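Me: I've got a model open and I'd like to learn how to read it feature by feature. Can you walk me through it?

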Amino acid sequence: MSRDREGADLKQMKPTLIPNNPCFSSGPCAKRPGWTLDALKDAFLGRSHRAKTGKNKLAEVIQRSKKILGIPDAYQLGIVPASDTGAVEMALWSLLGERGVDVLAWESFSSGWAADCKSQLQLKDLRVLKADYGKLPDLHQIDWARDVVFAWNGTTSGVRIPNGYWIAADRPGLTICDATSAVFAMEMPWDKLDVVTWSWQKVLGGEGAHGMIALSPRAVRRLETFNPNRPLPKIFQMAKSGKLIEGIFQGETINTPSMLCVEDALDGLKWAESIGGLPALLARSKANFKCIEDWVARSSWAAFLAEDRSARSNTSICLKIKDPLFTALSADDQNLHVKSIVSSLEKEGAAYDIGAYRDAPVGLRIWGGATVETSDIQALLPWLDWAYSQARSAFAETV
Ligand SMILES: Cc1ncc(COP(=O)(O)O)c(C=O)c1O
């Protein structure tokens, strides 16, 4: 291998080892190791989801999720429509407006919740605490007398909340946390979180379609005592006549779920249990992150988008390109070359869907959740070096 003035690799041998599973998308994420359609053979199809077996399967998803995640008994956990977006929106529309609201916005999804609070809910007393891609907002600015809306993991910037110490235990407001790319991969301080949402399509590699929503007793109290002054579509309604609709949290979904997706969610949960539950899931994701972290430390061209090490996501691992020859290119050219890297890796069957999210700074994003094997990440890294060196040879000629 030869090197140029800046020390970047000029020529890189094409690797021969292809990842066994090249699925590194940040959602829908890789299916669990060994998954085949056979996992769905016991799906309860062509029958009512309200028949005993159907309802039991829905309730089983709730019970197994609660157990694996260590969700306190006093919390309610329900299956709701429209994936994580549905779960977040039903929380925002049902709960907000009783008091002032602080929203943390530091990447695409969290900014989307802030925009909805402003333009759709038109909340009168709203503060948006912002940060650029790669950073977290100043958490000390939060006023715990207010409700606080935030993502635990910013999937599009690879910046995560490092821990829950900053959340006041005696907060009068509610914490509403979009944790879709965090649960099953990061420790969640449940006692500090009043509403937690996620989708099946992330860390356990399930199918999208349905969301999960966990509610603390304080969140339930808010639902039962606060009547938001806005229309609430049926699929957002979690309370009726001042009482929680308890059935939703026992497997009686608001509308019709896909029992194929339910079967797949059960398969993911059973796999999680079979490998050792939450500690094993966390360890797998941590090992994936470490593998990339060690490679980044040696890399002449790749760097983390997340500046602070403790805030680097171990699931949606976002990389930028630091090579001065690349950063000197125009934004359009940078985009073009990253697209060529992503498509050449796809063509080689080495990696699928690893381009940065459409609203995020140009770069790469590699999913490191529990369903991804560390050996596949290991096999991917030489391909990244190879694809970058190919792209670099192309643009080095033009500079
Ligand atoms: C932080 C975050 N919130 C919300 C969503 C939307 O999730 P869904 O498409 O499951 O509704 C995503 C999807 O990647 C996400 O990463």
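**Reading the ligand site and the sheets**

Reply: Sure, let's begin at the ligand. A polar backbone atom of Asp 84 sits 3.2 Å from an oxygen atom of the ligand. Keep in mind that this is a predicted model.

Me: Which side chains put a polar atom by an oxygen atom of the ligand, and at what distance?

Reply: Thr 85 is one of them, with a polar side-chain atom 2.5 Å from a ligand oxygen. Gln 201 is another, and there the distance is 2.8 Å. As for cover, the ligand exposes 400 Å² when taken alone, and the protein buries 86% of that.

Me: Which elements give two or more residues to the shell around the ligand?

Reply: Those are helix 2 (83-95) and helix 3 (108-120). Helix 2 has the largest share, with three residues. The residues surrounding the ligand include Ser 83, Asp 84 and Thr 85, and also Phe 109, Trp 113, Asn 153 and Lys 202.

Me: How many residues of each class are in that shell?

Reply: Seven are polar, three are charged and two are nonpolar.

Me: What is the phi of Ser 83?

Reply: Here's the general idea to hold on to: most residues other than glycine have a negative phi, and most peptide bonds are trans. Ser 83 has a positive phi of about 55°, and it isn't a glycine. You'll find Ser 83 in helix 2, and it is also one of the residues around the ligand.

Me: And the peptide bond from Gly 27 to Pro 28: cis or trans?

Reply: That one is cis, with omega near -10°. To locate it, look in the segment before helix 1 (52-69), where Pro 28 lies.

Me: On to the sheets. How do strands of a sheet pair?

Reply: They do it through backbone hydrogen bonds, in either a parallel or an antiparallel sense. Here, one open sheet has seven strands in the order 1-9-8-7-4-2-3, and its pairing is mixed.

Me: Which strands are at the edges of that sheet?

Reply: Strand 1 (76-81) and strand 3 (126-130), each of which pairs on one side only. From one strand to the next, the twist averages 20°.

Me: Can you show me one pairing inside it?

Reply: Take strand 8 (residues 195-199) and strand 9 (residues 210-215), which pair in the antiparallel sense over five bridges. To trace one bridge, start at Val 195: its partner in strand 9 is Leu 215.

Me: Which strands does helix 3 lie across?

Reply: Helix 3 lies across strand 2 (101-105), strand 3, strand 4 (147-151) and strand 7 (175-178). Its direction is at about 150° to strand 2. Recall that helix 3 also gives two or more residues to the shell around the ligand.

Me: What is the order of the open sheet formed by three strands, and how is it paired?

Reply: The order is 12-13-14, and the pairing is antiparallel. Strand 12 (302-304) and strand 14 (364-367) are the edge strands, each pairing on one side only. Neighbouring strands in this sheet are turned by 35° against each other on average, direction ignored.

Me: Over how many bridges do strand 12 and strand 13 pair?

Reply: Three, in the antiparallel sense, with strand 13 covering residues 316-321. One bridge to look up joins Ala 303 to Lys 320 in strand 13.

Me: Where does helix 9 lie?

Reply: Helix 9 (residues 374-396) lies across strand 13 and strand 14, and runs at about 170° to strand 14.

Key. Residues numbered from 1 in each chain as written. Predicted model: local features only at pLDDT ≥ 70, side-chain atom pairs only at ≥ 80, totals over all residues. Heavy atoms only, no water. Pairing = 2+ DSSP bridges. Helix = DSSP H or I, 4+ residues; strand = E, 2+ residues; numbered from the N terminus. Axes fitted to C-alpha atoms, helices over the stretch in contact; angles between N-to-C directions. Contact = heavy atoms within 4.5 Å. Near = heavy atom within 4 Å. Polar contact = N/O pair within 3.5 Å; in protein donor to acceptor, adjacent residues only side chain to side chain. Areas by Shrake-Rupley, 256 points an atom, 1.4 Å probe, with all protein chains shown as cover. Nonpolar A, V, L, I, M, F, W, Y, C, P; charged D, E, K, R; others polar.
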